[in-house]
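Okay, thanks for making time, everyone. I'd like to walk you through one structure today, so let me put it up on the screen.

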Amino acid sequence: MKFLTPSFILLLGFVLGGIIFKSIAPIRCGTIMPGDSMFVLTGDVRRIPFGIRIAQENPDAKLYIIGVSNRITPEIAKQATIESKSKSTYQNALAIKKIAKDTNPKRIVLITTEDHMNRAMYLVRGELPEYDIVACPVNLHGMRAAKRLERWTIEYIKYIVTMIGIKEG
C-alpha cells in the first residue's frame, strides 16, 4: 500500500479523468437542420475547410467563421460571415452569443476539432444555456499519435482550468 501516496492518487485521477474527457468528446457531426447557424472556431488548419464542406452539404444553414486568422480567402469570405476580433475560445463564445442574440438561430452548430470540442461546448453553453448546441467535430485522423496525445492532453488541462473558473489565459 506504499504506492497509494497522494501524488500517485492525484496522477491516477488525472489519467482517469483524461480517459473520460476523451471518451465523452463527440466523434460525429450531429444533424444539421435548416435555420441552424454553424460556427467554425478557427485555430487549426482543418477547421475552415471542414466548415465550408459542411456548409455546402447544408445550404439552408448559415455559416459563421469566428476568430479569423490569415486563412480567409475571397472565396471563403463569400460563403460565410466573418468575425475577426475574438482571439480565444472564451472570446469566441462571447462572439457567438452576440451573433445569436442578433440573429436568433434555431440551433447553434459548433465546428471545431475533436480535441477542442468539450471545452468549446462548455464555454458556449455557459454563455447560451437557452440554445440547443450541436457538436460537429473535425477529426484528427492522419496526425501522428504522439501529436494527437499532446493535443488531447493540452486541451484536457485547459478544460480543467476552465471548469475551475479561469476562462481566459
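So, let's start with a pair of strands: E1 and E2 run parallel and are joined over five bridges. If you want one spot to click on, take Ser-37, whose bridge partner in E2 is Lys-62. Before I go on, do keep in mind that this is a predicted model.

Staying with E1, which covers residues 37-41, five of its five residues are buried, and the strand is mostly covered. Which side chains go which way? Ser-37, Phe-39 and Leu-41 point one way, Met-38 and Val-40 point the other way, and all of them are buried.

Now zoom out a bit. E1 and E2 belong to an open sheet of five strands, in the order E3-E2-E1-E4-E5, with parallel pairing. The edges are E3, residues 81-83, and E5, residues 133-138, each pairing on one side only. On average, neighbouring strands here are turned by 25 degrees against each other, ignoring direction.

Over at the E3 edge, E2 (residues 62-66) pairs with E3 through three bridges, again in the parallel sense. There you'll find Ile-66 standing opposite Glu-83 of E3. Moving on along the chain, Ser-84 sits in the loop between E3 and helix H4, which is 89-103. Is Ser-84 buried, exposed or partly exposed? It's partly exposed, because its relative accessible area is 42%, and the partly exposed class runs from 20% to 50%. The C-alpha of Ser-84 is 8.2 Å from that of Ile-65, although the two are 19 residues apart along the chain.

Okay, helices. H5 takes in residues 114-127, and at 1.5 Å a residue its 14 residues should span 20 Å; the end C-alpha atoms are 20 Å apart, so that agrees. H5 does have a kink of about 25 degrees, centred on Ala-120. How enclosed is H5 by the rest of the structure? Largely, because 11 of its 14 residues are buried. Among them are the charged-looking names you might not expect me to read out, so here are a few: Glu-114, Asp-115, Arg-119 and Glu-127.

Last stop: H1, residues 6-24, and H6, residues 145-163, whose axes come within 10 Å and cross at roughly 100 degrees. That makes the two helices roughly perpendicular to each other. On the H1 side the contact includes Gly-13, Phe-14, Gly-17 and Gly-18, while H6 brings residues including Trp-152, Tyr-156 and Tyr-159.

That's my tour, so over to you.

Note on methods: Residues are numbered from 1 along each chain as its sequence is written. This is a predicted model: local features need pLDDT of at least 70, side-chain atom pairs count only at pLDDT 80 or more; totals for chains, interfaces and linings use all residues. Side-chain values use heavy atoms; hydrogens and water are left out. Helices (H or I, at least four residues) and strands (E, at least two) are DSSP runs, numbered from the N terminus. The expected span of a helix is 1.5 Å times one less than its number of residues. The bend at a residue is the angle between axes fitted to the seven residues ending there and the seven starting there. Buried means under 20% relative accessible area, exposed over 50%, partly exposed in between (1.4 Å probe, protein chains only). Two strands pair if DSSP finds at least two bridges between them. Axes are lines fitted to C-alpha atoms, for helices over the stretch in contact, and angles run from 0 to 180 degrees between N-to-C directions. Angles under 35 degrees count as roughly parallel, over 145 as roughly antiparallel, 65 to 115 as roughly perpendicular and the rest as oblique. Contact means heavy atoms within 4.5 Å.
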